[in-house]
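Got your viewer open and the model loaded? Let's take a short tour of the empty spaces in it, one selection at a time.

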Amino acid sequence: MIDNVRIRLAGIDAPELDHPWGQQSKWTMVKLCKGQMVTARIKPELSYDRVVAECFLPDGRDLSAELVRCGLALDWPKFSGGKYRHLEPADARRRLWRAEARQRGTFRSQTDS
């Protein structure tokens, strides 16, 4: 959230808060951003009524890339063109199986209804 606006990071799929690894993904993002000025490049599309943006730390690090690199989000090629896939740890898709199933359209949580 930036200035009370909910933002979805562009190009990745992170676990929902109630899914395995969801809380760890959230708190990793909090630690990365705490006390820093985050720059958001807003994309034209909305996702689940949230603004979609590429977000960067002052040192230029892409927050989507950082979460993928940590194994706490997956590249979503439909939206990223595969930009982050090379950063995924070898076991990330197995660990984050719900996010991968969501990308394939085979997993629906109660909140997806």
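A cavity here is a set of grid points where a 1.4 Å probe fits but cannot get out, and a residue counts as lining when it has an atom within 4 Å of such a point. Keep in mind as you go that this is a predicted model.

**Stop one: the enclosed space.** How many cavities of 30 Å³ or more does a search of the whole structure find? The search turns up one. The largest cavity holds about 50 Å³ of space. To see its walls, select Pro15, His19, Pro20, Trp21, Arg95, Leu96, Trp97, Arg98 and Ala99. Now colour that selection by class: six of the lining residues are nonpolar, one is polar and two are charged. Next, show helix α5, residues 97-104, as a cartoon; with three residues, α5 gives the most to this lining.

**Stop two: the open space.** Move on to the largest pocket, with a volume of about 930 Å³. Its lining has 26 residues, and the ones to select for a view of the centre are Met1, Ile7, Lys26, Met29 and Arg50, which lie closest to it.

Which elements each supply at least two residues of this pocket's lining? Select β1 (7-9), β2 (12-13), α1 (22-33), β4 (50-56) and α2 (63-69) to see them together. Then highlight α1 alone: its six residues are the largest share of the pocket lining.

Finish by colouring the pocket lining by class, where you will find 16 nonpolar, two polar and eight charged residues.

Notes: Residues are numbered from 1 along each chain as its sequence is written. This is a predicted model: local features need pLDDT of at least 70, side-chain atom pairs count only at pLDDT 80 or more; totals for chains, interfaces and linings use all residues. Side-chain values use heavy atoms; hydrogens and water are left out. On a 1 Å grid over the protein atoms alone, a cavity is a set of points where a 1.4 Å probe fits but cannot get out, and a pocket is an open set with protein on both sides within 12 Å along at least five of seven lines; lining residues have an atom within 4 Å of a point. Grid points are joined across faces, edges and corners, and a volume is the space filled by probe spheres set on the points. Helices (H or I, at least four residues) and strands (E, at least two) are DSSP runs, numbered from the N terminus. Ala, Val, Leu, Ile, Met, Phe, Trp, Tyr, Cys and Pro count as nonpolar, Asp, Glu, Lys and Arg as charged, and the others, Gly among them, as polar.
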